[in-house]
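Open your viewer and keep the selection box handy. We will go from stop to stop, and at each one you will see what to pick next.

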Amino acid sequence: MKPISLTRFLIEEQHAGHINADLRLLIEVVARACKTISTAIGKGALGGVLGEAGTADSIQLNIQGEAQKKLDVLSNEILLEANEWGGHLAGLASEEMDHAHPIPHAFPKGNYLLLFDPLDGSSNIDVNISVGTIFSVLHCPDEVTEPHDEHFLQPGSAQVCAGYTTYGPSTMLVLTLGRGTHAFTLDREQGSFMLTRRDLRIPEDTQEFAVNVSNQRHWEAPMQRYVADLLAGKTGPRGKDFNMRWVASMVADVHRILTRGGVFIYPLDAKCRDKGGRLRLMYEANPMAFIVEQAGGGASTGRGRLLDVEPRELHQRIPVFLGSKNEVAVAVRYHTDPA
Ligand code: AHG
Ligand code: MN
Ligand code: MN
């Protein structure tokens, strides 16, 4: 059977009363922006989009002190420009912008807030390895016409929609509206995302983990013990061999886990303890946690459910444990119940 388009999928969701016209427009606009980003990434060196933003003498940093790549800046501009004028949003926030961006007065306003990591996996851009875009949608609180940082500080459980696009051998959009997680593949000739997997389910058990093991010496004791037991394999306490993968693009690692199971962990370590973790809560951890839970997986901070965290800051960081439900539970148990 011929797959249906994202447009048809969303119209059917709207007719079923699951989403309104504004949310449909929002997702269509984000998807269109992601197609533009996909085209830019696909051109690679031919499009002049590789390398650092700024000049050789002065590297351009974002508010988190990370060097911006040209594609970080370009992807941010593409998403911003596409979403400003449609009337579906009250405001936006991004990894690459210091503060929230209320919709300018010149444009009509809607009731949604959009957060995004415009380009995830920046270290992989110049080496032609998969990168992605992550987004999260919240309601703008009632009576707020000019949303600032504080209005975005809602727990992940308040998300109305979350998704990511992975720019890999094929470009895919993975989406949840709170009723399952669905995957769409970009048909480059037609220019449309087509529904290729409805209701993805993450296997509950796994023998594959994704952790940056080069940080091992900086981890807390429970994380040290957990990974040592994984590495001990069949003859260790876990009684089975584990395989390891680490793309260093969260989107690509999570996409693999949605496809064949696994556990992804970026724990607290001595290097990132002062910041609270490595990954950002609002536009990396929360949307991924929503997508993973909707596919039957688990998502935790190592101590509690990720989606229950009450955010304090727009660019707040958090430890992330997500993927196959039973394996996430085991990893969390090492932290909460070391015995
Ligand atoms: P970003 O490119 O948006 O800053 O995010 C990169 C993140 C995430 O995608 C990935 O899992 C992690 O950083 C990789 O971290 P290491 O370089 O420490 O492996
Ligand atoms: Mn990222
Ligand atoms: Mn990024």
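Contact here means heavy atoms within 4.5 Å. Select Phe135 to begin: leaving aside neighbours within four places in sequence, its contacts include Val30, Leu114, Cys161, Leu175 and Pro287.

A word on the model: it is predicted, so local features need pLDDT of at least 70 and side-chain atom pairs count only at pLDDT 80 or more, while totals for chains, interfaces and linings use all residues. Residues are numbered from 1 along each chain as its sequence is written, chains are lettered from A and ligands numbered from 1 in the order in which they are written, and side-chain values use heavy atoms, with hydrogens and water left out.

Next, add Leu23, Leu114, Val137, Cys161 and Leu175. With Phe135, these touch the most other members of the largest nonpolar core, which has 44 residues. Such a core is a set of buried Ala, Val, Leu, Ile, Met, Phe, Trp, Tyr and Cys residues joined through side-chain atoms within 4.5 Å; buried means under 20% relative accessible area with a 1.4 Å probe, protein chains only. Colour helix H2 (residues 21–43), a DSSP run of H or I with at least four residues: H2 gives the most to this core, 11 residues.

Now move to the manganese ion (ligand 2). Asp117 (OD), Asp120 (OD) and Glu284 (OE) coordinate this ion at 1.8 to 2.2 Å, where donors are N, O and S atoms within 2.8 Å of the metal (3.2 Å for Na, K and Ca). Select Asp117 to see a bridge to the manganese ion (ligand 3), with the two ions 3.7 Å apart. Finish on Asp120 and Glu284, both buried.

Key
Buried means under 20% relative accessible area, exposed over 50%, partly exposed in between (1.4 Å probe, protein chains only). Helices (H or I, at least four residues) and strands (E, at least two) are DSSP runs, numbered from the N terminus.
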